[in-house]
Amino acid sequence: MTDTLVKFDRVTKRFGDFTVLKDLDFEVKKGEKVTIIGPSGSGKSTVLRVLMTLEPINEGVVYVDGRPLWHEEKNGRLVPAGEAHLREMRRSLGMVFQQFNLFPHMTVRRNLIEAPVRVLGLSRKEANKRAEELLAMVGLTDQADKYPQQLSGGQQQRVGIARALAMRPQVLLFDEPTSALDPELVGDVLKVIQQLAEEHDLTMLLVTHEMDFARQISDRVCFFDQGTVCEEGPPEQIFKTPKNQRTREFLHAVLHPNE
Amino acid sequence: MWDYLPALMQGAWITLELTFWSTLAGAFCSFFFGLGRGSRNLLLKSVSVAYIEVFRGTSLLVQMFWIFFALPLMGVRMSPMTAGILALSLNIGAYGAEVVRGAIQSVIRSQYEAAKALNFTPRQALWFIALPQALPEMLPPFGNLIIQNLKDTALVSLITLSDLAFRAESLRNLTQDSTTIYTLVLFMYFGMALMLTAIMKLLERRVGRWRGTGAR
Ligand SMILES: Nc1ncnc2c1ncn2[C@@H]1O[C@H](COP(=O)(O)OP(=O)(O)OP(=O)(O)O)[C@@H](O)[C@H]1O
Ligand SMILES: [Mg+2]
């Protein structure tokens, strides 16, 4: 058996009366690169936000590295987790946001240094060294002392990726990392993510509408619909021979929007 | 006209002193109670809400009289200067607290989410992420409050402090030269207000530097 790193066990998430995730079973293995595709409102972002502990769940259990994320064990029973447990669990997770969410009042360098210093307790020197390596990796060495709004969207998103990596997470979550970008800037960001996928054993969970990209980088593609995994499999199978009717319809609609 | 100036200048100095100290202490109250109001600690929260409501809901004059005339009867005595500064700063602090709270609330949720994703504690997120972004938002309303504070200092003449307004009134009683004296006083208050506005503008530019787009 290969190691499972992330596991959703019959997870239900509701917003008021509206059920976003319905009895969701879903797994990601260590080092696996998984993309989630699916129509708008199907709960793709919610899966990532639940994992990043930004949205609590209503039922079921989420496991990260074998430990319940939203629960802790007390007297053999699972009870809702306290802040201390959540903080500890968050150490293995990192997230790249659609709107980048960089800290606008900090330079690029400080965006990368602040959390490693304040949260991980690194020295400024160590954190700075780490930041420079990451900036070199995303090709932004010369932008270190600029403020985020002085950068293009594509550059900002690469900073966003570097900022998440600076915390050395085990799992990196990407929520439509290129959706807010002008088309000509998408390529640079995808290149960085692809390089990450190829050169690191980082586990990646990625929501995207870039189908070609999903096909290239993922080990597995999951088609989400109405809060559950409707179909999943290797990219070749999902894109070439989808078994499910709804998968076929969705792919047809995205790949041939003008028909 | 030049005969009036020394006395008026002495008064203006008192006015400036009052404004300076009460603004400083008022800023402290603003942050303390403004943050306290958003705190998860129920005691701190209720104290803050009570403070803000009481001091915004009653007039400065009454607050000043209470501190200067009622408190001594309960055994707490202070100089007119201290009483004046205390009343002014508590009053301005109540309005300032609302400014602080509003500015912090205006920091968008996604910034807190980014902070959480990087595993900052809620307190770290407040101090290192939210507050620095809220600060430039606070400065323009703070500027207004400081000018308001300067004008409010005139009320301290009623608790025997010889500030600018007090000096003007005594000079007028002496000479009956209302026009000259009050015109002078008008310009002196206006001059002080201009000075404060200029200082605030400088501060705004410094604190909000990161907000300017393009080259720094
Ligand atoms: N905070 C919230 N309160 C109420 N409803 C919400 C909230 N967040 C999301 N939803 C609803 O939950 C559903 C799923 O949202 P989610 O963001 O996960 O969809 P998605 O698959 O990421 O869609 P998209 O492709 O548009 O990003 C949507 O119908 C959305 O309106
Ligand atoms: Mg989404």
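**Exercise 1. Work out how strand 8 of chain A is joined to strand 9 of chain A, and place that pair in its sheet.**

Step 1. Start with the pair itself: strand 8 and strand 9 (residues 171-175) of chain A run parallel and are joined by four bridges. Helices (H or I, at least four residues) and strands (E, at least two) are DSSP runs numbered from the N terminus, and two strands pair if DSSP finds at least two bridges between them.

Step 2. Pick a residue to anchor your view: A:Leu93 stands opposite A:Val171 in strand 9 of chain A.

Step 3. Now widen the view to the sheet. This open sheet of chain A has six strands in the order 8-9-10-3-11-12, with mixed pairing. Strand 8 (93-96) and strand 12 (228-233) of chain A are the edge strands, each pairing on one side only. On average, neighbouring strands of the sheet are turned by 20 degrees against each other, direction ignored. Here axes are lines fitted to C-alpha atoms, for helices over the stretch in contact, and angles run from 0 to 180 degrees between N-to-C directions.

Step 4. Add the helix. Helix 6 (residues 183-199) of chain A packs on the sheet and touches strand 3 (33-37), strand 9 and strand 10 (203-207) of chain A, where contact means heavy atoms within 4.5 Å. The direction of helix 6 makes about 150 degrees with that of strand 10 of chain A.

A note before you go on: this is a predicted model, in which local features need pLDDT of at least 70 and side-chain atom pairs count only at pLDDT 80 or more, while totals for chains, interfaces and linings use all residues. Residues are numbered from 1 along each chain as its sequence is written, chains are lettered from A and ligands numbered from 1 in the order in which they are written, and side-chain values use heavy atoms, with hydrogens and water left out.

**Exercise 2. Find the salt bridge between A:Asp188 and A:Lys191 and say where both residues lie.**

Step 1. Apply the rule: a side-chain nitrogen of Lys or Arg within 4 Å of a carboxyl oxygen of Asp or Glu. The side chains of A:Asp188 and A:Lys191 meet it at 4.0 Å, N to O.

Step 2. Locate the residues. Both lie in helix 6 of chain A, three residues apart, about one turn of the helix.

Step 3. For context, the structure holds 29 salt bridges over all chains.

**Exercise 3. Trace the open sheet of chain A that has four strands, using A:Lys7 as a guide.**

Step 1. Write down the order, which is 2-1-4-5, with antiparallel pairing. Strand 2 and strand 5 (67-68) of chain A are the edges, each pairing on one side only.

Step 2. Follow strand 1 (residues 4-15) to strand 2 (residues 18-29) of chain A: eight bridges join them, and they run antiparallel. The two strands form a hairpin with two residues between them, and A:Gly16 in the turn has a positive phi of about 60 degrees. A:Phe8 has A:Phe26 of strand 2 as its bridge partner.

Step 3. Turn to strand 4 (residues 59-64) of chain A, which pairs with strand 1 in the antiparallel sense over five bridges. A:Asp9 stands opposite A:Val61 of strand 4.

Step 4. Check A:Lys7: A:Glu27 in strand 2 stands opposite A:Lys7, and A:Tyr63 in strand 4 is a bridge partner of A:Lys7.

**Exercise 4. Describe chain B and the side of chain B that touches chain A.**

Step 1. Take the fold elements: chain B has eight helices and zero strands. Its C-alpha atoms fill a box of roughly 70 × 50 × 20 Å, taken along the principal axes.

Step 2. Count the contacts: 24 residues of chain B are in contact with 27 residues of chain A.

Step 3. Give the area. About 2,400 Å² is buried between the chains, 59% of it from carbon and sulfur atoms; buried area is the accessible area (1.4 Å probe) that two parts lose on being put together, summed over both. In chain B, B:Leu118, B:Asn119 and B:Trp210 lose the most area to chain A, together 29% of what that side buries.

Step 4. Finish with the charged pair. The rule finds one salt bridge across this interface. B:Glu113 forms a salt bridge with A:Arg49, the closest N and O atoms being 2.8 Å apart. Helix 5 (109-117) and helix 6 (122-152) of chain B are the elements that give two or more residues to this side, and helix 5 gives the most, with eight residues.
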